[in-house]
Amino acid sequence: MNIEQTKEAIRIMQAFVDGKEVISMRTPTATADDPYWNWGNDTKMYHIKPTAKLRPWTADEVPLGAQMRSKLDPSRRWLSCNTGTDNDRMELLETSEHSIDNGKTWLPCGVMEEGK
């Protein structure tokens, strides 16, 4: 392995030590709970499993007319009637939930994205 391949192998093994899930390409649907590191010349043999991350809505994604409620005081509710600013949407993500089925289910005020 060259220096760049070695750095990538170290990054993946360090992620494993830090508790992140590592996927072996030999069995890509299973995580490597007890990996047998066999790199050869292929650092693509193992990958760190991506983790999902919640991000605030963009102005176009705000569900206007949805019911909103405070996470701290669920009895405090209102209807979303505007998209707000970036700061408003960040605050909603941290402090509120929304429902588009008349309060049957409550969801985070943001979008779940796959991470790397």
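Which residues make up the largest nonpolar core? In this predicted model, the largest nonpolar core has 8 residues in all: Ala9, Ile12, Ala15, Val22, Trp39, Met45, Tyr46 and Ile48. Two elements, α1 (3-17) and β2 (46-48), each supply at least two residues of this core. The element that gives the most is α1, with 3 residues. A second core, separate from the largest one, has 5 residues, and Trp57, Val62, Met68 and Cys109 are among them. As background, nonpolar side chains tend to be buried together in soluble globular proteins.

**The sheet**

Four strands form an open sheet, and their order is β5-β4-β6-β7. The pairing in this sheet is antiparallel. In general, the strands of a sheet pair through backbone hydrogen bonds, and the pairing is either parallel or antiparallel. At the edges stand β5 and β7 (107-108), each of which pairs on one side only. Strand β6 (residues 96-99) is joined to β7 by 2 bridges, and these two strands run antiparallel. Glu97 stands opposite Pro108, a residue of β7.

**The loop between β6 and β7**

Asn102 is found in the loop between β6 and β7. Is Asn102 buried or exposed? Asn102 counts as exposed because its relative accessibility is 66%, and the cut-off for exposed is over 50%. The backbone of Asn102 has a positive phi of about 65°, although Asn102 is not a glycine. Most residues other than glycine have a negative phi.

**The largest pocket**

The largest pocket holds about 280 Å³ of space. Its lining is made up of 18 residues, of which Met68, Trp78, Asp88, Leu92 and Ser96 are the closest to the centre of the pocket. Met68 also belongs to the second nonpolar core. Three elements give two or more residues to the lining: β4 (67-70), β5 (77-79) and α2 (86-95). The largest share of the lining comes from α2, which gives 5 residues. Both β4 and β5 are also strands of the open sheet.

How do the lining residues of the largest pocket divide into nonpolar, polar and charged? The table gives the number of each kind.

| Kind of lining residue | Number in the largest pocket |
|---|---|
| Nonpolar | 7 residues |
| Polar | 7 residues |
| Charged | 4 residues |

Conventions. Residues are numbered from 1 along each chain as its sequence is written. This is a predicted model: local features need pLDDT of at least 70, side-chain atom pairs count only at pLDDT 80 or more; totals for chains, interfaces and linings use all residues. Side-chain values use heavy atoms; hydrogens and water are left out. A nonpolar core is a set of buried Ala, Val, Leu, Ile, Met, Phe, Trp, Tyr and Cys residues joined through side-chain atoms within 4.5 Å. Buried means under 20% relative accessible area, exposed over 50%, partly exposed in between (1.4 Å probe, protein chains only). On a 1 Å grid over the protein atoms alone, a cavity is a set of points where a 1.4 Å probe fits but cannot get out, and a pocket is an open set with protein on both sides within 12 Å along at least five of seven lines; lining residues have an atom within 4 Å of a point. Grid points are joined across faces, edges and corners, and a volume is the space filled by probe spheres set on the points. Ala, Val, Leu, Ile, Met, Phe, Trp, Tyr, Cys and Pro count as nonpolar, Asp, Glu, Lys and Arg as charged, and the others, Gly among them, as polar. Two strands pair if DSSP finds at least two bridges between them.
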